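Student: I've got this one open on my screen and would like to talk through how it packs. Can you take me through it?

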Amino acid sequence: MSAIRFAVERVGGVSRCARICRVSPSAVCKWLRRDCLPRTEYTGETHHAQRMAMASEGAFSAVWLLANAKPVALPHRALEPKESGANAAERRQEKGAQKSPAEARQYSDHERSS
């Protein structure tokens, strides 16, 4: 059983947990689906773990819940700068990619007017 699921059950279920944390039941369901507390809990914007620990009557501590219900970090993806339309078209042509329909019309219109 996940830490967040354990904590929600110990405080009395989704509806009671929502009341304790002053959020909607759908927010608590979202925590359960994602199997973690929200990001705001780790940035100090909210204190749901503390509220839940106090309501659990000693079943778990806020420190334990925070440590065991962390969001999983996604792998960092290097962001490439966006290229302008002309540069992107040239790069696709270099790679051997076909022209987009819009590019094909642009070039065919240009060739007709010449």
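Tutor: Sure, starting with a term: contact means heavy atoms within 4.5 Å. Helices are DSSP runs (H or I, at least four residues), numbered from the N terminus. This is a predicted model, where local features need pLDDT of at least 70, side-chain atom pairs count only at pLDDT 80 or more, and totals for chains, interfaces and linings use all residues. Residues are numbered from 1 along each chain as its sequence is written, and side-chain values use heavy atoms, with hydrogens and water left out.

Student: Which helices do the buried residues of α4 pack against?

Tutor: Buried means under 20% relative accessible area, exposed over 50%, and partly exposed in between (1.4 Å probe, protein chains only). In α4 that label goes to His48, Ala49, Met52, Ala53 and Ala55. Going by the directions from the helix axis to the C-beta atoms, they fall within an arc of 165°, so they line one face of the helix. The helices they pack against are α1, α2, α3 and α5.

Student: His48 in a helix makes me curious; which residues does it touch?

Tutor: His48 sits in α4. With a relative accessible area of 7%, His48 is buried. Leaving out residues up to four places away in sequence, its contacts are Cys21, Val23, Trp31, Pro38 and Glu41.

Student: Which helix gives the largest share of the largest nonpolar core?

Tutor: Such a core is a set of buried Ala, Val, Leu, Ile, Met, Phe, Trp, Tyr and Cys residues joined through side-chain atoms within 4.5 Å. This one has 21 residues, and Ile4, Cys17, Trp31, Met52 and Leu65 touch the most other members. At least two residues come from each of α1 (3–11), α2 (14–21), α3 (25–34), α4 (48–55) and α5 (62–68). The largest share, five residues, is from α1.

Student: What does Thr40 pair with through a polar contact of its side chain?

Tutor: Thr40 belongs to the loop between α3 and α4, and its relative accessible area of 17% makes it buried. A polar contact is a pair of N or O atoms within 3.5 Å; within protein, one must be able to donate a hydrogen and the other to accept it, and residues adjacent in sequence count only if both atoms are side-chain atoms. Here the distance is 3.2 Å, and the partner is Thr46.

Student: Which residue forms a salt bridge with Glu45?

Tutor: The rule asks for a side-chain nitrogen of Lys or Arg within 4 Å of a carboxyl oxygen of Asp or Glu, and the count comes to one. Glu45 is exposed at 51% relative accessibility. The closest N and O atoms are 2.9 Å apart, and the partner is Arg39.

Student: Which residues do ring pairs link into a cluster?

Tutor: Rings of Phe, Tyr and Trp (its six-membered ring) pair if their centres lie within 6.5 Å; planes under 30 degrees apart count as stacked, over 60 as edge-to-face and the rest as tilted. Phe6 and Phe60 have centres 6.2 Å apart and planes at 65°, so that pair is edge-to-face, and it links residues 54 apart in the chain. Phe60 and Trp64 have centres 6.0 Å apart and planes at 50°, so they are tilted. The cluster is Phe6, Phe60 and Trp64.
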